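This report describes how the parts of one protein chain fit together. Look over the sequence and the model before reading on.

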Amino acid sequence: MKKYLIIALAMTTLISCNSNADMLLFKGNKEIAQKYLASYESPSDYELFKTMTDENIEHQSPMYGAGKVGYEEVLAQGEFYMNGFENVSFKADAWLPGVNEETLLVDGSVRVYGTWSGNNIASGKEFSVDAYHYFMVENGKIVASGDYFDATGMVMAVQPDAAEESSEE
């Protein structure tokens, strides 16, 4: 019985130490993810965004029909948002650690739920959209990420109004 108690105590200690290390990794990666998202906020910082994006990134795009995209598409999407919108801010509701899909143990990845707001430069129209993002970080760069929000609906809602054509009779 004593033997089983010692084994159980040793296992608990090992799991606890591993969990603490994973949470430290999450906290460090969370700071990187926060900095990455902040590059979109006004004033935006495209160069910082670019340097934090790994060249082999795999990104789940929020754009209708885009699916998973790579480095060039991620940069193009970032540039689109940074050049097309102003007064942009992100209010995070919850930062959470990601988990390994097989073991369900904390793996250092980062998830966040929050709300983006700002306005379209061309139309001046305001937007507010709830979003979910995930980030996997290696060597201080984002190597995998995903955005889940109605990007297409947001863009359509804030686009400039169509000029009404007048017909002369």
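## Report on the predicted model

F85 is buried, with a relative accessible area of 7%. The model is a predicted one, and the values below were computed from it.

### Aromatic rings

F85 forms an aromatic pair with Y81. The centres of these two rings lie 6.0 Å apart, and with 35° between the planes the pair is tilted. Y81 is buried too, at 11% relative accessibility.

The structure holds 15 aromatic pairs. Another of them joins Y40 and Y81: the ring centres are 6.4 Å apart and the planes stand at 65°, so this pair is edge-to-face. Y40 lies in the loop between α1 (2–38) and α2 (46–52), while Y81 lies in helix α3, so the pair ties together parts that are 41 residues apart in sequence. Y40 has a relative accessible area of 17% and is buried. Ring pairs also build a cluster, whose members include Y40, Y81, F85, W116, F127 and F135.

### The nonpolar core

Which residues touch the most other members of the largest nonpolar core? They are Y36, W116, F127 and F135, in a core of 32 residues. At least two residues of this core come from each of α1, α2, α3, β3, β4, β5 and α4.

F127 shows how such contacts reach across the chain. Leaving aside neighbours within four places in sequence, F127 is in contact with F85, V88, W116, S117, G118, N119, M154 and V158.

### Helix α4

Helix α4 covers residues 151–158, and A151, M154 and V158 are buried in it. Seen down the helix axis, the buried residues fall within an arc of 65°, so they line one face of α4. An α-helix has 3.6 residues a turn, so residues three or four places apart point the same way. On the other side of α4, M156 and A157 are exposed. The cover over the buried residues of α4 includes α3 (71–84), β3 (85–99), β4 (106–120) and β5 (126–138).

M154 has a relative accessible area of 9%. Beyond its neighbours within four places in sequence, M154 is in contact with Y81, F85, F127 and V129. M154 and V129 are 25 residues apart in sequence, and their C-alpha atoms are 7.2 Å apart in space.

### The sheet

Strands of a sheet pair through backbone hydrogen bonds, either parallel or antiparallel. Here an open sheet of 6 strands has the order β2-β1-β6-β5-β4-β3, and its pairing is mixed. Which strands form the edges? They are β2 and β3, each of which pairs on one side only.

At one edge, β1 and β2 pair in the antiparallel sense over 2 bridges. H59 has V69 in β2 as its bridge partner. At the other edge, β3 and β4 are also antiparallel, and they pair over 11 bridges. W95 stands opposite V112 in β4. The hairpin of β3 and β4 has 6 residues between the strands, and in this hairpin L104 takes a positive phi near 60°.

### Two buried serines

S61 and S109 can be described in turn. S61 sits in the loop between β1 (53–60) and β2 (68–69), whereas S109 lies in strand β4. S61 counts as buried at 5% relative accessibility, and S109 does so at 10%. The table gives the polar contact that each side chain makes with another side chain.

| Serine | Partner side chain | Distance |
|---|---|---|
| S61 | Q77 | 2.8 Å |
| S109 | D107 | 2.6 Å |

Both residues also have contacts farther along the chain. Not counting neighbours within four places in sequence, S61 is in contact with A66, G67, V69, Q77 and D147. With residues up to four places away left out, S109 touches F26, L96, P97, G98, V99, F135 and M136.

### Links between the parts

Several residues appear in more than one part of this account. F135 is a member of the ring cluster, ranks among the core residues that touch the most other members, and is touched by S109. F85 is paired with Y81 and is in contact with both F127 and M154. V69 is the bridge partner of H59 and is in contact with S61.

Technical notes:
Residues numbered from 1 in each chain as written. Predicted model: local features only at pLDDT ≥ 70, side-chain atom pairs only at ≥ 80, totals over all residues. Heavy atoms only, no water. Helix = DSSP H or I, 4+ residues; strand = E, 2+ residues; numbered from the N terminus. Buried < 20%, exposed > 50% of the residue type's maximum accessible area, 1.4 Å probe, protein only. Polar contact = N/O pair within 3.5 Å; in protein donor to acceptor, adjacent residues only side chain to side chain. Contact = heavy atoms within 4.5 Å. Arc of directions from axis to C-beta. Pairing = 2+ DSSP bridges. Phe/Tyr/Trp six-rings, centres within 6.5 Å; stacked < 30°, edge-to-face > 60°. Core = buried A, V, L, I, M, F, W, Y, C linked by side-chain atoms within 4.5 Å.
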